[in-house]
Amino acid sequence: MASHGNAANRVALASILLAFCVAGFGIPTPTPWPEQFHALLFQNSSGKLSTIDLWYDFPNGRNFNIIHSQLGSTLYDLEWTNGTSFYYDLDAGSCKTMHFPVGILSPDWLVSNSTYIGVEKVGGFTCNVWSKADGFIVYYEDVETKRPVHWLFFTGMSQYVMTFEPGKVLEDEAWQAPWYCFDSEDNESFQENGGDLKVPNELWSVLKHTTLLDMAERSRM
C-alpha cells in the first residue's frame with residue numbers, strides 16, 4: 001500500500017508542477033548547452049553497461065565520446081563538425097572512419113521543434129522532460145539547476161549524467177585520431193548506407209553516436 005501511495009504522490013506532484021509551469025510561466029523551454037563542457041555519463045544499452053567521458057567543444061567544432069565498457073575495452077568516438085567521425089580502439093589498433101551529412105550538435109539543438117512532456121522524477125531529481133522528433137530522444141533536465149540529468153534514446157539505450165562541468169576543455173593533443181585512421185580502407189559513408197532514414201538535420205549527430213555505439217556492442221558479441 002505504501003508503494004502505491006508514494007506513486008500517487010509523485011503523480012500528484014508532477015501534475016501540480018506542470019500546471020504551475022503552464023499557468024504561471026508558460027511551457028518551459030530546454031536550456032541550451034554550454035559551448036564547452038565535460039560530462040561523465042553512465043550508460044545502459046540492453047543490459048550492457050559502460051561509462052562515457054563526453055567532451056563537447058562547439059567553438060572548435062568537435063565532440064568526443066570516450067566509452068569505457070564494463071570490464072572491457074575503451075572505445076573512442078571522435079566527431080568533427082565537417083561530418084567526419086573516427087571510431088577507434090587503441091588497444092586493438094583498429095579504426096573505422098564514417099562520414100555523415102552534418103556535423104556535431106549545436107548548443108541549442110533541443111530548443112526548436114521539441115515537445116514538452118511534463119515533469120518527472122528521475123533518480124531523485126525533479127526534471128522537466130522533452131521529446132524530440134516523436135521520441136527519437138527524450139531529454140530530462142533538472143528543474144532547479146537546469147543541468148541535464150538523463151537521456152533516453154529511441155533504441156532503448158539510456159544515459160544518466162553523473163557529473164556535468166561547464167567550461168571544462170580537453171587538451172588539443174587528445175583530439176588527434178591515431179595514424180591508422182587515415183591509412184585504412186575500412187571507411188564508410190552514411191550518406192550512402194543510411195541516407196534513406198528520415199532524421200531531422202539537428203539529430204544526425206545523435207544518430208551517428210547511437211549507430212557507432214551499436215557497432216561497438218556488435219563487435220563485442
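Throughout these legends, a residue is buried when its relative accessible area is under 20%, exposed when over 50%, and partly exposed in between (1.4 Å probe, protein chains only). The views come from a predicted model, in which local features need pLDDT of at least 70 and side-chain atom pairs count only at pLDDT 80 or more, while totals for chains, interfaces and linings use all residues. Residues are numbered from 1 along each chain as its sequence is written, and side-chain values use heavy atoms, with hydrogens and water left out.

**View 1. The whole protein comprises three helices and 12 strands.** Helices (H or I, at least four residues) and strands (E, at least two) are DSSP runs, numbered from the N terminus. The protein has 221 residues, and 46% of them count as buried. Its exposed surface is about 11,400 Å², with 55% supplied by carbon and sulfur atoms; these areas come from the Shrake-Rupley method with a 1.4 Å probe, and for residues only the protein chains shown count as cover. Taking contacts (heavy atoms within 4.5 Å) between residues at least 6 apart in sequence, 48% join residues at least 24 apart.

**View 2. Asp57, Arg62 and Asp172 are linked in a network of salt bridges.** A salt bridge here is a side-chain nitrogen of Lys or Arg within 4 Å of a carboxyl oxygen of Asp or Glu. Start with Arg62 and Asp57, whose closest N and O atoms are 2.9 Å apart; both residues are buried. Now look at Asp172, which also forms a salt bridge with Arg62, the closest N and O atoms being 2.7 Å apart. Asp172 sits in the loop between strand S11 (158–166) and strand S12 (187–189) and Arg62 in strand S3 (residues 62–69), so this pair ties together parts that are 110 residues apart in sequence. The surroundings of the two partners make a nice contrast: Asp172 is exposed, at a relative accessible area of 54%, whereas Arg62 is buried, at 6%.

**View 3. Glu165 and Lys168 meet in a salt bridge.** The N to O distance between their side chains is 3.5 Å. Glu165 is partly exposed, with 29% relative accessibility, and Lys168 is partly exposed too, with 39%. A search of the whole structure finds three salt bridges.

**View 4. Eight aromatic residues form one cluster: Trp33, Phe37, Tyr56, Phe58, Trp109, Tyr139, Trp151 and Phe164.** Rings of Phe, Tyr and Trp (its six-membered ring) pair if their centres lie within 6.5 Å; planes under 30 degrees apart count as stacked, over 60 as edge-to-face and the rest as tilted. By this rule there are 17 aromatic pairs. In one of them, the rings of Trp33 and Tyr56 have centres 5.1 Å apart and planes at 80°, so the pair is edge-to-face. Trp33 belongs to the loop between helix H1 (2–25) and strand S1 (36–45) and Tyr56 to strand S2 (residues 48–57), so the pair ties together parts that are 23 residues apart in sequence. Trp33 is buried at 11% relative accessibility, and Tyr56 is buried at 2%. Phe37 and Phe164 have ring centres 4.8 Å apart and planes at 45°, so theirs is a tilted pair. Phe37 is in strand S1 and Phe164 in strand S11, so the pair ties together parts that are 127 residues apart in sequence. Both are buried, Phe37 with a relative accessible area of 0% and Phe164 with 16%.

**View 5. The largest nonpolar core has 24 residues.** Such a core is a set of buried Ala, Val, Leu, Ile, Met, Phe, Trp, Tyr and Cys residues joined through side-chain atoms within 4.5 Å. Those with the most contacts inside it are Trp33, Phe37, Ala39, Leu41, Trp109, Tyr139 and Trp151. At least two residues of this core come from each of S1, S2, strand S7 (114–122), strand S9 (137–142), strand S10 (148–153) and S11. Leaving aside residues up to four places away in sequence, Tyr139 touches partners including Trp33, Trp109, Asn128, Pro148 and His150.

**View 6. Cys95 and Cys181 form a disulfide.** A disulfide is a pair of cysteine sulfur atoms within 2.5 Å; here the sulfur atoms are 2.1 Å apart. The link is right-handed, with 110° about the S-S bond. Cys95 lies in strand S6 (residues 94–99) and Cys181 in the loop between S11 and S12, so the pair ties together parts that are 86 residues apart in sequence. Cys95 is buried at 9% relative accessible area, and Cys181 is buried at 4%. Cys95 is also part of a second, separate core of 13 residues, which includes Leu78, Tyr88 and Leu170.
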